[in-house]
Amino acid sequence: MGSTRERIAVDAMGGDHAPKEIVAGAVRAAEELGVQVLLVGQPQQIQSCLEEHGTTRNIEVVPAEDKIAMDEEAMGVRRKPKASINVAMDLVKQERADAVISAGHSGAVMASALLRLGRIKGIDRPAIGAMFPTLLAGKSVIILDVGANVDCRPRYLEQFALMGTVYSQYVLGIETPKVGLLNIGEESSKGNDLALKSYQLLEAHPAIPFVGNAEGRDVLSGEFDVIVCDGFVGNVLLKFAEAIGEVLLQI
């Protein structure tokens with residue numbers, strides 16, 4: 001692409017408070033990060049929100065006739081080819097954008113990415129990663145998968161670990177991230193069949209800096225940079241963490 005400015009396609013219609021809050025975030029990102037934002041969605045609604053901020057600098061509106069609601073099935077992206085998330089993915093495929101951001105239906109985002117962009121070579125299943133805070137100031141841990149794959153094979157967890165390692169190195173700037181496998185004990189002999197076989201693969205992989213099992217109490221300790229698990233366990237962990245925050249605010 002001719003421009004050196006990063007171009008981010010944003011699904012303006014995805015999220016509980018779209019497009020108002022999405023547009024507000026896009027305006028702030030364009031101003032503070034200097035990126036080019038392509039807001040994808042219904043032009044009239046987006047323009048109305050932009051007028052509240054009084055600026056369109058580094059912002060372009062890309063029309064999309066439809067959207068995927070939060071209560072729809074993920075594969076609704078097949079029935080709605082002109083939904084905002086699909087149009088946003090197409091911008092990346094057409095090299096008009098470098099990345100896609102959506103606060104909408106995570107399953108629909110994953111499905112749209114698979115159908116329009118495909119998988120990375122060597123990766124059987126994509127994963128959803130979530131950044132968790134830790135007890136160490138300024139340090140987070142990425143957990144994956146947190147919901148895309150509820151039934152996993154050992155090689156999937158191996159691939160999750162590899163993707164988490166690369167993300168930590170090239171995005172977070174951690175030269176040698178500590179990778180752990182979420183399990184019920186520290187010992188390599190602990191866990192179910194998936195955990196035992198995954199441990200062996202992770203330990204043997206030359207590109208994964210695997211340091212062993214991570215118990216539930218270790219997730220927020222700051223001892224790990226990447227923790228892998230199947231999507232069923234990861235999603236339960238994510239929702240539990242969200243609930244803790246709500247409970248603490250009410251105590």
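Biologist: What order do the strands take in the open sheet of four?
Modeller: The order is β3-β2-β1-β4, with parallel pairing. Strands are DSSP runs of E with at least two residues, numbered from the N terminus, as are helices (H or I, at least four residues). Two strands pair if DSSP finds at least two bridges between them.

Biologist: Which strands stand at the edges?
Modeller: β3 (59–63) and β4 (99–101) do; each has a single partner strand, so one side of each is left without a neighbour in the sheet.

Biologist: Is this a predicted model, then, and what are the rules?
Modeller: Yes, it is predicted: local features need pLDDT of at least 70, side-chain atom pairs count only at pLDDT 80 or more, and totals for chains, interfaces and linings use all residues. Residues are numbered from 1 along each chain as its sequence is written, and side-chain values use heavy atoms, leaving out hydrogens and water.

Biologist: Back to β3. How many bridges does it share with β2?
Modeller: Five, in the parallel sense, with β2 covering residues 36–41. Leu-39 stands opposite Val-61 in β3.

Biologist: New topic: which strands pair in the antiparallel sense?
Modeller: β5 and β6 (residues 140–144) do, over five bridges. They form a hairpin with six residues between them, and Gly-138 in the turn has a positive phi of about 80°.

Biologist: And which β5 side chains are buried?
Modeller: Ala-130 and Phe-132, which point to one face, while Gly-129, Met-131 and Pro-133 point to the other and are not buried. Buried means under 20% relative accessible area (1.4 Å probe, protein chains only).

Biologist: What stands opposite Phe-132?
Modeller: Val-141 in β6.

Conventions:
Buried < 20%, exposed > 50% of the residue type's maximum accessible area, 1.4 Å probe, protein only.
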